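Subject: Structure handover

Hello,

Here is the structure I promised to pass on. Please open it alongside this note; my findings follow below.

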Amino acid sequence: MGTQDIKIGTGPAAEKPAAAAPGTGIVSTYAVTGMHCSHCAHSVTEEVSTIDGVTAVDVDVDGGRVTVTSTQQLSIDDMRAAIDEAGYQLVS
């Protein structure tokens, strides 16, 4: 299995939550457990993309990371709810 990059919109990936370059949004990376395949990546992308302000989602299945670009700081509760709805667990 390889990295599953499923994206909506555009935006750079980052290893830690940080403000991105001007005009590109806020980039945050979260640890997620339980993902194993492209279906997992698609489910996570679909749920996370419904959060208000999300402009891009990049899922690294093998690394257990989800990188999100958004127009505003995202609530950890909103992220946890979206990841839970997709069937996985947000670690951080």
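Let me begin with a hairpin. β3 and β4 form it, with four residues between the two strands. Gly64 sits in the turn and has a positive phi of about 65°. Please keep in mind that this is a predicted model.

The two strands of the hairpin, β3 and β4, pair in the antiparallel sense, over six bridges. Val59 stands opposite Val66 in β4. β3 is mostly covered, with six of its seven residues buried.

Next, the salt bridge. A search of the whole structure turns up one. Asp60 forms it with Arg65, and the closest N and O atoms are 2.6 Å apart. The two partners fall into separate burial classes. Asp60 counts as buried because its relative accessibility is 12%, under the 20% cut-off. Arg65 has 31% relative accessibility, so it counts as partly exposed.

Now the overall layout. The protein chain has two helices and five strands. Along the sequence they follow the pattern β-β-α-β-β-α-β. Of the 92 residues in the chain, 37% count as buried. Take the contacts between residues at least 6 apart in sequence: 65% of them join residues at least 24 apart.

Then the core. The largest nonpolar core has 21 residues. Which members touch the most others? They are Met35, Val44, Val48 and Met79. Five elements give two or more residues to this core: β2 (26-33), α1 (38-48), β3 (54-60), β4 (65-70) and α2 (76-86).

Val48 deserves a look of its own. Leaving out residues up to four places away in sequence, Val48 touches Val54, Val57, Val68, Met79, Ala82 and Ile83.

On to the helices, starting with α1. Its buried residues are Cys40, Ala41, Ser43, Val44, Thr45 and Val48. They pack against β3, β4 and α2.

In α2, the buried residues are Met79, Ala82, Ile83 and Ala86. Viewed down the helix axis, these buried residues fall within an arc of 95°, so they line one face of α2. The general rule is that an α-helix has 3.6 residues a turn, so residues three or four places apart point the same way. The buried residues of α2 pack against β2, α1, β4 and β5 (89-90). What does the face turned away from the buried side of α2 carry? It holds the exposed residues Asp77 and Glu85.

Both ends of α2 have a detail to check. At the start of the helix, a side-chain oxygen of Ser75 reaches to within 3.1 Å of the backbone nitrogen of Asp77. Just after α2, Gly87 takes a positive phi of about 100°.

One last residue in this helix: Arg80 is placed in α2. Is Arg80 buried, partly exposed or exposed? Arg80 counts as partly exposed, because its relative accessibility is 35%. Arg80 and Val48 are 32 residues apart along the chain, and their C-alpha atoms are separated by 9.3 Å.

If you have time for just a few views, I would pick these. Start with the Asp60–Arg65 salt bridge. Go on to Val48 and its contacts, including Met79 and Ile83. Finish with α2 seen down its axis, where the buried residues line one face.

Best wishes

Notes
Residues numbered from 1 in each chain as written. Predicted model: local features only at pLDDT ≥ 70, side-chain atom pairs only at ≥ 80, totals over all residues. Heavy atoms only, no water. Core = buried A, V, L, I, M, F, W, Y, C linked by side-chain atoms within 4.5 Å. Buried < 20%, exposed > 50% of the residue type's maximum accessible area, 1.4 Å probe, protein only. Contact = heavy atoms within 4.5 Å. Pairing = 2+ DSSP bridges. Salt bridge = Lys/Arg side-chain N within 4 Å of Asp/Glu carboxyl O. Arc of directions from axis to C-beta. Polar contact = N/O pair within 3.5 Å; in protein donor to acceptor, adjacent residues only side chain to side chain.
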